[in-house]
Amino acid sequence: MGRLELLQTLTGHQGRVWNVAWNPQGDILASCGEDKTIRLWTNSPSSQGDKLGNWTCRSTLVDAHQRTIRAIAWSPCGHRLASASFDSTTAIWERRQQLNTGRGADFECVATLEGHESEVKSVSWARSGRLLATCSRDRSVWIWEVENGENEELNGEFECAAVLNSHTQDVKRVAWHPERELLASASYDDTVRLYMENPSDGEWGEVAVLSSHSSTVWGLAWESNVSERASKGTRLATCSGDGTVKIWQEFGPNNEEGVAPGPDGHPAWKCICTLSGHHGGRPVYDVAWCPCTGYMATACGDDAIRVFGEAEGGDSMELSGPSIDILATQRSAHLQDVNSVCWNPKMPGLLASASDDGEVKIWMFHSD
Amino acid sequence: MEKSDRLENVNPKLFRKCDERILSSEEQDESVPDEFDNREIFDLIKGINDPEHPLTLEELNVLELNNIQVDNINNEVNVCFTPTIPHCSMATLIGLSIQVQLLRALPSRFKVSVQVTPGSHASENAVNKQLADKERVAAALENSYLLEVINQCLTMNHGG
């Protein structure tokens with residue numbers, strides 16, 4: 001078993017906070033919400049040697065969006081930030097040196113991606129930093145190519161490489177695979193879909209449909225820690241309005257388990273585990289898979305944060321599925337629905353959460 | 001949610017309003033904790049106007065006392081409403097109005113769920129799913145035209 005220790009409560013947003021995201025270096029936390037702002041929080045360790053608990057708002061990014069900012073995502077290099085808004089645009093922010101201010105680098109809005117017909121719900125950068133995906137209430141997923149390299153300054157060069165219309169309803173979330181150029185999307189139509197570029201003609205297309213949830217799929221998290229069991233990204237966690245979390249596993253060609261491949265020889269994805277009965281029947285709005293520890297955290301509509309872990313010694317290659325235990329339940333983690341959870345990529349156990357109550361919280365998970 | 005010039009339900013059936021709530025001596029005693037009950041929730045929403053008739057949701061029997069549940073321990077309020085006709089295109093708008101009124105009037109600790117009374121609407125599941133999706137509700141409430149329509153429904157008619 002384990003427990004979550006509250007390190008700090010960050011206030012400043014007006015109204016609900018929808019999303020939190022750590023930069024890849026783990027030293028900046030970004031949050032966004034209903035107040036149309038993005039706040040960047042950094043840590044100043046206090047003299048008492050307290051390394052973890054003194055986060056303050058370093059800057060507030062404003063004026064790029066006319067409506068709620070639903071989601072934010074850092075580029076893999078940490079120099080760029082993308083924000084998805086109900087105003088149907090996605091803004092790209094870039095770190096620019098501020099001269100003569102003594103404040104070091106700050107972020108400026110350098111591009112606005114337009115094209116979606118209604119609210120943009122989510123945004124994600126591919127591992128290479130070369131591709132960006134967005135999704136919308138208009139039922140489509142867009143893939144954008146970034147022309148400038150990571151270390152060059154951006155000149156507003158984004159080109160739409162694909163518009164994917166597989167979903168039949170509102171698309172809630174997109175997430176790129178931690179290493180490959182494989183994209184997952186989750187929708188109000190209760191399904192998750194995976195997409196890849198066809199190497200022969202360069203066209204993007206759907207390569208798998210993951211159906212099992214009985215309501216909206218709100219969240220997606222790729223397994224990104226390297227374990228003895230498997231390489232990165234062979235499993236995907238999804239969470240839903242049906243109150244469950246499901247774990248899906250990839251089965252490549254000629255797999256030992258004898259799972260038949262998907263259409264056109266693409267790997268098959270099977271639900272190998274359903275975590276049900278833990279979330280009080282309330283929607284699970286987000287799931288995060290820790291890149292350091294392999295623990296999973298969930299954000300739930302019952303105001304609680306939960307942490308799950310895989311039982312050691314379990315033979316996860318069995319089709320009966322892995323044995324996943326609940327390690328901690330933090331009831332009343334917030335005063336209202338928890339919308340987002342994010343593990344710090346560098347500091348094992350450090351977790352951030354965001355809620356309808358307008359607060360962002362920083363937690364430390366102790367596995368005891 | 002466009003308002004058309006033609007009425008969908010030309011001649012709706014009218015229902016008798018329920019009697020005024022009688023305050024008990026216990027309810028008037030400030031030292032006794034007074035938890036929310038379904039009658040209080042009902043009183044908060046019964047005066048909401050129907051989008052197409054100059055009548056309240058109570059008068060049209062869209063809202064009934066028995067279709068409201070309150071769970072003070074788990075902070076849950078569940079309201080079922082009954083559209084006047086099974087193909088009512090205003091169902092989502094009516095549900096949204098009820099939801100907005102309760103979100104404004106109740107303490108934020110309450111989880112408010114507004115649903116169509118089972119069996120009373122042709123697209124029951126679709127309407128319920130939409131009303132339960134807080135992200136879509138939030139986006140809808142940022143639409144100034146829609147918010148204006150909802151606020152009109154919420155201009156409470158306490159008379160008569």
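Mentor: A residue is buried at under 20% relative accessible area, exposed at over 50% and partly exposed in between (1.4 Å probe, protein chains only). Residues are numbered from 1 along each chain as its sequence is written, and chains are lettered from A in the order in which they are written. This is a predicted model, in which local features need pLDDT of at least 70, side-chain atom pairs count only at pLDDT 80 or more and chain totals use all residues; side-chain values use heavy atoms, leaving out hydrogens and water.

Trainee: What percentage of the residues in chain A is buried?

Mentor: Chain A contains 28 strands and 0 helices (DSSP runs: E of at least two residues, H or I of at least four, numbered from the N terminus). Of its 368 residues, the buried share is 58%.

Trainee: Among contacts in chain A between residues at least 6 apart in sequence, what percentage joins residues at least 24 apart?

Mentor: A contact is a pair with heavy atoms within 4.5 Å. When contacts in chain A between residues at least 6 apart are taken, the share that joins residues at least 24 apart is 53%.

Trainee: Where is Y188(A) found, and is it buried or exposed?

Mentor: Y188(A) belongs to the loop between β15 (183–187) and β16 of chain A. Because its relative accessible area is 6%, Y188(A) is classed as buried.

Trainee: Which residues does Y188(A) touch, not counting those up to four places away in sequence?

Mentor: R137(A) is 51 residues from Y188(A) in sequence, and their C-alpha atoms are 9.2 Å apart. With residues up to four places away not counted, Y188(A) touches Q169(A), D170(A), K172(A) and T216(A), together with A126(B), K129(B), Q130(B), D133(B) and R136(B).

Trainee: Which element gives the most residues to the largest nonpolar core?

Mentor: A nonpolar core joins buried Ala, Val, Leu, Ile, Met, Phe, Trp, Tyr and Cys residues through side-chain atoms within 4.5 Å. The largest has 36 residues, and those touching the most other members are I41(B), I45(B), L63(B), V79(B), F81(B), I98(B) and L102(B). Two or more residues come from each of α2 (38–45), β2 (76–81), α3 (91–105), β3 (111–116), α4 (124–132), α5 (134–141) and α6 (144–153) of chain B. With 7 residues, the element that gives the most is α3(B).

Trainee: How many residues does the other core have, the one with V245(A)?

Mentor: This core lies apart from the largest one. Its members include V245(A), A268(A), C273(A) and W289(A), and its size is 17 residues.

Trainee: Which residues are in contact with I98(B), leaving aside neighbours within four places in sequence?

Mentor: I98(B) is one of the residues that touch the most other members of the largest core. Beyond its neighbours within four places, its contacts are I45(B), I48(B), L57(B), L63(B), V79(B), F81(B) and V114(B).

Trainee: Which elements are among those covering the buried residues of α2(B)?

Mentor: In α2(B), the buried residues are R39(B), E40(B), I41(B), F42(B) and I45(B). Their cover includes, in chain B, β1 (68–71), β2 and α3.

Trainee: Why are the buried residues of α4(B) on the same side, and which elements do they pack against?

Mentor: The buried residues of α4(B) are E124(B), V127(B), N128(B) and L131(B). They lie on the same side of α4(B) because they cover an arc of only 95 degrees around the axis, taken from the directions from the helix axis to the C-beta atoms. Within chain B, these residues pack against β2, α3, β3 and α5.
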